[in-house]
Amino acid sequence: MRLAVEEARKGLGFTAPNPAVGALVVKDDHLLGKGWHAKAGQPHAEPLALRDAGEAARGADLHVTLEPCCTHGKTPPCTEAIKAAGIRRVFIGCTDPNPAHAGRAYAILREAGIEVFEEILSGTCQELLRAFARVQRTGIPYVSLKLATSLDGRIADAAGTSRWITGPESRERVQAFRREVDAILVGTETLRRDNPSLQPRPAEGHRPWRIVPDRTGSLPLTLKVFSDENRDRTLCLLGPEAPADREQALDPAGVAWMRVPAGPEGLLWAEILPELAKRSMHHILCEGGGKLSADLLSLRLVQEILWFQAPMLLGQGGRPAIAADILFAEAPRLRRTAFEALGDDLFARYLPTSS
Ligand code: AOF
Ligand code: ZN
């Protein structure tokens, strides 16, 4: 199953609205075939692994990170392909959160005389699917919040200088995260100040969406997100007060835009995020700044924090990672699930205890 997970990971960042799935065909400890789901509309992992194994699949085992589908979607049901191939045993990582499937495959395969083993390496397999599962269950994207801070929790000095707080190993890890997500989101002020490209380097074929909040429609069109070679992967969020002709300025550049609701404090993320899920942005990486991070956290819209902490101190004039006053009684509480030294930095992953 560990190898099947490796296969599945090749699809991360490409498969939405579908999940990334990997499958192997194995007999007598010999790997006969492997497959991974590359893109919605294209074949699922199981038929690819079965095809790779060919006739040798007869009497062999199938290992798959997700419960095989049993319905006709854009592609035929994998349960039928498994039966037709003459597979003897199926090892399944986790149940499909899609209500059309949701465990139905177990009985279908068993009725066909196939032995089924459930929940193999299920924690890891579920983690592969966490964005897909969140959208299936709630219609809201999975938001990872990346913070790169000094030891005292600052993301820039008082003048706004932030390059570089964290070391090369941390920054490389951020690039790897960027390659796994559907979209990258940063706040308006960060866009204005840093003019980031918000693409993975090296890209390795990944072109995540860039979500550009521009409530007043006043960000300079010379910013990289509006003018570089990936501008067709920019989605600009225009607030109600953005000028009516702003769309006409974005259209010729091939930049996508969406009118979104705003309140006195800023854009209404709780209403906006479900719209992004409908556009197949299931996993969103938010890279700051302080206000956007604070807004998303206070709305309980962050599912994980990826925190890179560098051995430097920026003092009280530095810009805080979370630009909000938080009362002790209302402070978000987090649970640490990973911890690693990256060069001189510390990396930790935290999950909110309530969301
Ligand atoms: C699998 N193997 O590799 C994937 C599955 O429209 P379709 O036919 O592509 O079906 C999409 C649904 O199939 C998707 O919502 C999810 O429930 C499941 N994904 N299932 O057996 C795969 N990617
Ligand atoms: Zn399938």
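How many salt bridges are there between domain 1 and domain 2? Here is a short tour to help you find your way to the answer.

1. Getting oriented. Please keep in mind that this is a predicted model. The chain falls into two parts: domain 1 covers residues 2–130, and domain 2 covers residues 139–352. Their contact draws on 8 residues from domain 1 and 13 residues from domain 2. Taken over C-alpha atoms, the centres of domain 1 and domain 2 lie 34 Å apart.

2. The interface. Between them, domain 1 and domain 2 bury about 860 Å², and carbon and sulfur atoms account for 50% of that area.

3. Charges and polar pairs. Back to the opening question: the count between domain 1 and domain 2 is 3 salt bridges. On the side of domain 1 that touches domain 2, 3 residues are charged, 4 are nonpolar and 1 is polar. Across this interface there are also 5 residue pairs in polar contact. If you would like a salt bridge to look up, try Arg130 and Glu304, whose closest N and O atoms are 3.0 Å apart.

4. The zinc site. Now have a look at the zinc ion (ligand 2), where the protein donors are His44 (ND1), Cys69 (SG) and Cys78 (SG), at 2.0 to 2.2 Å from the metal. Along the sequence, these donor residues follow the spacing H-x24-C-x8-C. Why is the arrangement tetrahedral? The 4 donor atoms around the zinc ion subtend angles of 98 to 118 degrees, and four donors count as tetrahedral if all angles lie between 85 and 135 degrees.

Conventions:
Residues are numbered from 1 along each chain as its sequence is written. Chains are lettered from A and ligands numbered from 1 in the order in which they are written. This is a predicted model: local features need pLDDT of at least 70, side-chain atom pairs count only at pLDDT 80 or more; totals for chains, interfaces and linings use all residues. Side-chain values use heavy atoms; hydrogens and water are left out. Domain bounds come from an automatic or database domain assignment. Contact means heavy atoms within 4.5 Å. Buried area is the accessible area (1.4 Å probe) that two parts lose on being put together, summed over both. A salt bridge is a side-chain nitrogen of Lys or Arg within 4 Å of a carboxyl oxygen of Asp or Glu. A polar contact is a pair of N or O atoms within 3.5 Å; within protein, one must be able to donate a hydrogen and the other to accept it, and residues adjacent in sequence count only if both atoms are side-chain atoms. Ala, Val, Leu, Ile, Met, Phe, Trp, Tyr, Cys and Pro count as nonpolar, Asp, Glu, Lys and Arg as charged, and the others, Gly among them, as polar. Donors are N, O and S atoms within 2.8 Å of the metal (3.2 Å for Na, K and Ca); water is not among the atoms, so sites may look incomplete. Four donors count as tetrahedral if all angles lie between 85 and 135 degrees; four count as square planar and six as octahedral if opposite donors are over 155 degrees apart and all others between 65 and 115; anything else is irregular.
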